[in-house]
Amino acid sequence: MSVKEVLEKRRSVRHYDPNYKVSSEMLASLIESASKSPNGNNIQATRYLVIDDPHLRDLLLPVAFNQQQVTEASALIVVLGDYQAFGKENIINIHEEGYQQGFFDASMRDYLANAAINYYANKSKEDLKIELTRDASLASMSLLLLANEAGLETITMSGYDSKQLKSILHISERYLDVMLIAIGKGIKAGHKTVRHDVHKVVYRNEIQ
């Protein structure tokens, strides 16, 4: 299917076959492709915490307000942003790797690395949170489309208690939790939803 067809057909699915398994190889392949998504300065800050321990899934169920896909979907992923990705060492290493692979010359390597380091240097924690949320959201959308293209169903979840989730999974303050994603084989189609007419959401040159 084309991207347009996937978007037209996809629904947020909440009911999954608990016996259907997505292989770790397929999941890794989907995430590998999703990691090619656009991200600020190529610092690659998005992380994917795959929860496949049934006990942890059971613990997370009430934390996510008893959304059954938490325990029934084949894969449950916590999408995270890594604040350490803004660090000078990470930025230099990524651009050095690009240089070593011949993607650009030494002058461009230094220019890109220094520009990224300076860009993040004076940003507040809230500014960096926005950066992580943006990048993780782009990667998450790619992951949804890739999974749907592969014949799987998906749903994103922001409905959970962040503090409890991070406590149960021992996620440090190094990471920003952005959303949960469930992937699997749906047993009940998601309902259709209304979308605004395009003329209601497109503005030109000014917006009121």
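Helices, in the sense used here, are DSSP runs of at least four residues, numbered from the N terminus. In this predicted model, the third of these runs, helix 3, is followed by Phe 65, a residue whose phi is positive, near 55°. At the other end of the element, where helix 3 starts, a side-chain oxygen of Asp 53 reaches to within 2.8 Å of the backbone nitrogen of His 55.

The chain as a whole contains nine helices and six strands, and its C-alpha trace spans about 55 × 45 × 35 Å along the principal axes. Of the 208 residues in the chain, 36% are buried. When contacts between residues at least 6 apart in sequence are considered, 79% of them join residues at least 24 apart.

Helix 3, which comprises residues 54-63, has Arg 57, Leu 60, Leu 61 and Val 63 as its buried residues. Seen down the axis of helix 3, these buried residues fall within an arc of 160°, and they therefore line one face of the helix. The face turned away from this buried side carries the exposed residues His 55 and Pro 62, while the cover over the buried residues of helix 3 includes strand 2, helix 4 (69-72), strand 3 and helix 8.

A similar question can be asked of helix 2 (residues 24-34), in which Leu 27, Leu 30, Ile 31 and Ala 34 are buried. These residues cover an arc of only 95° around the axis, which puts them on the same side of helix 2. An α-helix has 3.6 residues a turn, so residues three or four places apart point the same way. Among the elements that cover the buried residues of helix 2 are strand 2 (46-51), strand 3 (75-82), helix 7 (125-149) and strand 5 (175-184).

Charged side chains were examined next, and a search of the whole structure finds seven salt bridges. One of them joins Glu 8 to Lys 4, with the closest N and O atoms 3.5 Å apart. Both Glu 8 and Lys 4 lie in helix 1 (residues 3-9), where they are four residues apart, about one turn of the helix, and both are exposed. A salt bridge is also formed by the side chains of Asp 82 and Arg 174, at 2.8 Å from N to O. This pair links distant parts of the chain, since Asp 82 belongs to strand 3 and Arg 174 to the loop between helix 8 (162-168) and strand 5, 92 residues apart. Asp 82 counts as buried because its relative accessibility is 1%, below the limit of 20%, whereas Arg 174, at 32% relative accessibility, counts as partly exposed.

The side chains of Arg 109 and Glu 96 likewise meet in a salt bridge, at 3.0 Å from N to O. Here Arg 109 lies in helix 6 (residues 106-121) and Glu 96 in helix 5 (residues 88-100), 13 residues apart. With a relative accessibility of 18%, Arg 109 counts as buried, while Glu 96 is partly exposed, with a relative accessible area of 26%. Salt bridges that share partners also join Arg 47, Asp 82 and Arg 174 into one network.

Arg 109 has a further partner, for its charged end sits over the ring of Tyr 99, 4.6 Å from the ring centre. The charged end of Lys 125 is placed over the ring of Tyr 83, at 4.6 Å from its centre. Between aromatic rings, the structure holds two pairs. The rings of Tyr 119 and Tyr 120 have their centres 4.9 Å apart and their planes at 75°, so this pair is edge-to-face. Tyr 119 is partly exposed, with a relative accessible area of 41%, whereas Tyr 120 is buried, at 5%. Together with Phe 86, Tyr 119 and Tyr 120 form one aromatic cluster.

Finally, Thr 154 was considered as a single position within strand 4 (residues 153-157). Thr 154 is buried, with a relative accessible area of 0%, and its side chain makes a polar contact of 2.9 Å with the side chain of Arg 10. Beyond residues up to four places away in sequence, Thr 154 touches several others, including Arg 11, Ser 12, Val 13, Tyr 16, Leu 144 and Ile 183.

Note on methods:
Residues numbered from 1 in each chain as written. Predicted model: local features only at pLDDT ≥ 70, side-chain atom pairs only at ≥ 80, totals over all residues. Heavy atoms only, no water. Helix = DSSP H or I, 4+ residues; strand = E, 2+ residues; numbered from the N terminus. Buried < 20%, exposed > 50% of the residue type's maximum accessible area, 1.4 Å probe, protein only. Polar contact = N/O pair within 3.5 Å; in protein donor to acceptor, adjacent residues only side chain to side chain. Contact = heavy atoms within 4.5 Å. Phe/Tyr/Trp six-rings, centres within 6.5 Å; stacked < 30°, edge-to-face > 60°. Lys NZ or Arg CZ within 6 Å of the ring centre and 35° of its normal. Arc of directions from axis to C-beta. Salt bridge = Lys/Arg side-chain N within 4 Å of Asp/Glu carboxyl O.
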